[in-house]
Amino acid sequence: MSLSIPVENKDTRGIHIRRVVIAADDWGWLLPLSAVVTLGLFVVVLSYNASRLELPYAYPLYWMGLLIQFIPIAIRLLGKPVNRKETIGLVVFLGFSLYLTKLLAHPLGLTFSDEFQQWRSAYDSLATNALFTPNPILNVSPYYPGLQNVTHAVVSITGLSIFDAAVMIIGATRLMFMLSLFLFFEQVSRSHRFAGLATLLYMCNPAFLGWTSYYVYQSLALPLSVLGLYCIVRLSNATNGTRFGLVFSTLIIIPAVIMTHHVTAFAFVGLLLLFAIVPPIWSRMNTHRVWYAATRATRRVSRRLSRWFAGLWFLARKNRSDHFENNGLGWLTLLTLIGIFIWITYVASSTLTYLGSQVFEIAAQVVGILTGQLSRASVYVAPDRPMIELYAGVGSLILLVIAVPFGMVQTVRRYRADSIAISMVVGSMGLFGALSIRFLSSRGGELLGRAWPYLYLLLAFVLAVGLFDLFDLKRWWRWPVRIGLIGFLVVLFTGGVANGWPPYWSRLPGQYLVGADERSVDDRNIAAADWARQNIQENSVMATDFVLHHILGAYGLQAPVLGMQSLFLDEGFGDYHLNLVNEYGIEYLVVDARMSESLPLSGFYYGSWENTHPRTAPANIRNLLKYDAMDNVSRIYDNGSIVFYDVRELLR
Amino acid sequence: MIRRNLDLILLALLTIFVMVNALAQWNLGPVTDVLGSAFVLFTPGYLIALMIFPEESLEFPVRVALSIGLSLALAAIGGILLYASGAGLANTSWIALIAGINIVGSLVVLIKRGRPDQAIVERYVIELGWTMGGLLLLIVAGLTGIILMARQSAYDRPSEGFTELWIANVDQSEDQIQIGIHNQEHQTASYDVVLRINGRYIEDWPEIELDSTQQWVTEYHLPPPISRKEIVVVSLYQTDKPNELYRRVQLQRDLVGQ
């Protein structure tokens, strides 16, 4: 196989032009495998068509399409050594194809609730040519205007709609994301084979197919932060020639991350802290006394474990070097922390209340369970899903719990002198903390869902190192192990999709479903929002359900409030309800009568807090439409499903 | 000279196209979409990367990642700068900002490339055989076809038609109302509209025929009130089902003090 052939020619002015010829051989299996991935995407799109027609084979067809995309690339990357160009091409093409997998489910408009929140912020900035316009459906969003600014620039210059601009932006971001992931992993591992496998493993994270493909601020901030990490890691052993460029790039990327997404900024600085703090601590702890104590302590449990610890002791003691302890990331970490502090203090102070309330709720539930004041059943409701997805989801978590410690040990063995790799090993232990919270809090699933993209930056690397050593076994059982590893990757990938968002009931497009987030967005509620935009004063206060809350807040340009379920679900309308209307200044009530047809698939009609008390019967239609017969209430709009009530008379 | 700086020449042409396009307000459809997006999402980062890195250290994947990443970061930060500067986030401000970066960047890179120690420029030449070239074309055509198919399928999705009916006071007046119908049945439909006050027949609009997506809106002056509280009800019937109420809206008129 020939590699690139640099051919230097001298032109007439004495300038060297290096022709880098990428010969046909360099492509390896890239194009044939890309054709197979394209075929997989085609099968996925067929499954979407079948799902819209409610054909029974849509669901298995979808999974078949996903696996046709994933398995050939996994086999290729785990097989014979693949050259760097082909490796990059394969992971980038697969990453992009998985983005199209999400996009083509709903190729004509936004459907996810968080996307509507971002749409509103982008719309407001386009309408006013200004920033920080209050967003009634996500208060904190305007104070992180990175994505809005990029959208504003693209829409202003091209004239595209916000949705089309979003497709362009997230598509470009996905390309940059895949390249940055590969380059980051390659920089840490110094091997393109490890980097390729780690990037493939990253695609198994439950947030990859959905969360990082949506038009949400995380989809921009996360890839930027990975590019920043690549620059920072490369900076720690850069030559003078590239040092300026890397520092300059990092200094542009860090503020962009800070002003684009709060959680990503925190995760980014968390990773920098990890890279800056772990090496010196590791070096100080890495004394004969500590290891001797650990080896003695483990001897009480098992002699074998003790011998294993003694082996690790031998290896870990070898990693002492000045460079290990001082990788020069302290100042960047400090700079990022100061940047976040300034941004939150002077611009986005609402971040603390927005994130703080969620953190306190989770902490209270965890403490409640640990102290026995709460039962686990009261905070954790297992999601209802098909058996096959249950097995894949649980199986992937079990495999992670088993494989990550193995990968950690292998990483310590192989990269014992590398401060970043050792830091990633330490950070990988966060998996166990995150999983504990998942099962100890009703918001744990949401928290873990948000944590996966950051946690997997560490896990993917550690797992890749662990897998690779197994893959290069020379004995007769090499092939069974290889097949087992492919199986491992398949379970991890399918489990990631099963555990991630969107859940099975909204993964494929189709007819309207009650309380099903993306599957609840249809022509009727979009028509209602369009009507509201044209006929009701902008930012009128409305009470409605979770789905319409987002659609009316975005396309309707209204100011809906959440948490008003008693106005709709209670049998009568008394003083309590009247006070509620007046306290929040509610001008309109919007009812989707289809809520009476079935239980909500997400578990709630009005908000996720309903999940802890699962419903046993659908909403009562008489309660929903009780305002028909009420004094001082006008029924002003009806499209057969959605009804608007004007309750402004009640405010007098 | 031209061969060496082909990338800068292309970027200059792109910048000029975007500026002229904005001034002349052309609508060239996908050409504007693609070139305009590249102008925002690729060019500033590409030039900044060329400015701050030695060119030989920018291998192809790093160059692409930095070009997109730095462009996105610059647009994110640029919006704040434009807003803070008072220029606002208008179309012209964005073009001035990005074109400014492109012009300054191109000049710096041009000067840098003139220096003898920076005189190595990489040119990528991709050699594909007929088979691989054909396969590449097949993949591109396949992806385009898949995207078009998915969009068409989403357009043609089976969905139940519906009709919107609404009522509103005109200019806050209690006497003048607006009644509207919007046909979203995916076919031509015929409607009868009946207006009643406190159950009393007032007016009707028979056989209103609307094409798919067509609207019918009328304003009506209500008769003087005869009671303190009146309920104005508008009922919508499909012409072929005159006895089956299809939609209903109502307004309450509280006439205390009038």
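**Exercise 1. Where in chain A is the place of N539(A)?**

Solution. The model is predicted.
- Step 1: locate the residue. N539(A) sits in the loop between α23 (523-535) and β3 (541-543) of chain A.
- Step 2: check the backbone. N539(A) is not a glycine, yet its phi is positive, about 60°.
- Step 3: check the surface. The relative accessibility of N539(A) is 36%, so this residue counts as partly exposed.

**Exercise 2. Find where H186(B) lies, then describe its backbone and exposure.**

Solution.
- Step 1: H186(B) belongs to the loop between β3 (176-184) and β4 (189-197) of chain B.
- Step 2: phi of H186(B) is positive, about 65°, although the residue is not a glycine.
- Step 3: with a relative accessible area of 47%, H186(B) is partly exposed.

**Exercise 3. Classify the ring pair F194(A) and Y415(A), and say what the pair ties together.**

Solution.
- Step 1: take the search result. Over all chains, 36 aromatic pairs turn up.
- Step 2: read the geometry. F194(A) and Y415(A) are 6.3 Å apart, centre to centre, with 70° between the planes.
- Step 3: apply the cut-off. Planes over 60 degrees apart count as edge-to-face, and the pair of F194(A) and Y415(A) is edge-to-face.
- Step 4: place both rings. F194(A) is in helix α7 (residues 192-202) of chain A, and Y415(A) is in the loop between α17 (387-414) and α18 (419-428), so the pair ties together parts 221 residues apart in sequence.
- Step 5: check burial. F194(A) and Y415(A) are both buried.

**Exercise 4. Do the analysis again for W452(A) and Y456(A).**

Solution.
- Step 1: the centres are 5.7 Å apart and the planes make 65°, an edge-to-face pair of W452(A) and Y456(A).
- Step 2: both W452(A) and Y456(A) lie in helix α20 (residues 444-471) of chain A. They are four residues apart, about one turn of the helix.
- Step 3: W452(A) and Y456(A) are both buried.

**Exercise 5. Trace W501(A) from its ring to its peptide bond.**

Solution.
- Step 1: W501(A) forms one aromatic cluster with F112(A), W211(A), Y214(A) and W505(A).
- Step 2: the peptide bond from W501(A) to P502(A) is cis, with omega near 5°.
- Step 3: P502(A) lies in the loop between α21 (478-499) and α22 (504-507) of chain A.

**Exercise 6. Find arginines placed over rings.**

Solution.
- Step 1: in chain A, R174(A) lies over the face of F208(A), 4.2 Å from the ring centre.
- Step 2: in chain B, the charged end of R247(B) sits over the ring of Y246(B), at 4.1 Å from its centre.

**Exercise 7. Count the disulfides, then check two cysteines for burial.**

Solution.
- Step 1: over all chains the count of disulfides is zero.
- Step 2: C204(A) has 1% relative accessibility and counts as buried.
- Step 3: C231(A) is buried too, with a relative accessible area of 0%.

**Exercise 8. Describe the interface of chain A and chain B, and pick out one residue there.**

Solution.
- Step 1: count contacts. 96 residues of chain A are in contact with 89 residues of chain B.
- Step 2: take the area. About 8200 Å² is buried between the chains, and carbon and sulfur atoms give 69% of this area.
- Step 3: count charges. Four salt bridges cross the interface. E59(B) and R84(A) meet in a salt bridge of 2.7 Å, N to O.
- Step 4: look at T38(A), in helix α1 (residues 30-52) of chain A. At 6% relative accessibility, T38(A) is buried.
- Step 5: list neighbours. T38(A) touches residues including F93(A), I139(B), L143(B) and I146(B).

Technical notes: Residues numbered from 1 in each chain as written. Chains lettered and ligands numbered in written order. Predicted model: local features only at pLDDT ≥ 70, side-chain atom pairs only at ≥ 80, totals over all residues. Heavy atoms only, no water. Phe/Tyr/Trp six-rings, centres within 6.5 Å; stacked < 30°, edge-to-face > 60°. Helix = DSSP H or I, 4+ residues; strand = E, 2+ residues; numbered from the N terminus. Buried < 20%, exposed > 50% of the residue type's maximum accessible area, 1.4 Å probe, protein only. Lys NZ or Arg CZ within 6 Å of the ring centre and 35° of its normal. Disulfide = S-S within 2.5 Å. Contact = heavy atoms within 4.5 Å. Buried area = accessible area lost by both parts, 1.4 Å probe. Salt bridge = Lys/Arg side-chain N within 4 Å of Asp/Glu carboxyl O. Lists of a residue's contacts leave out its neighbours within four places in sequence.
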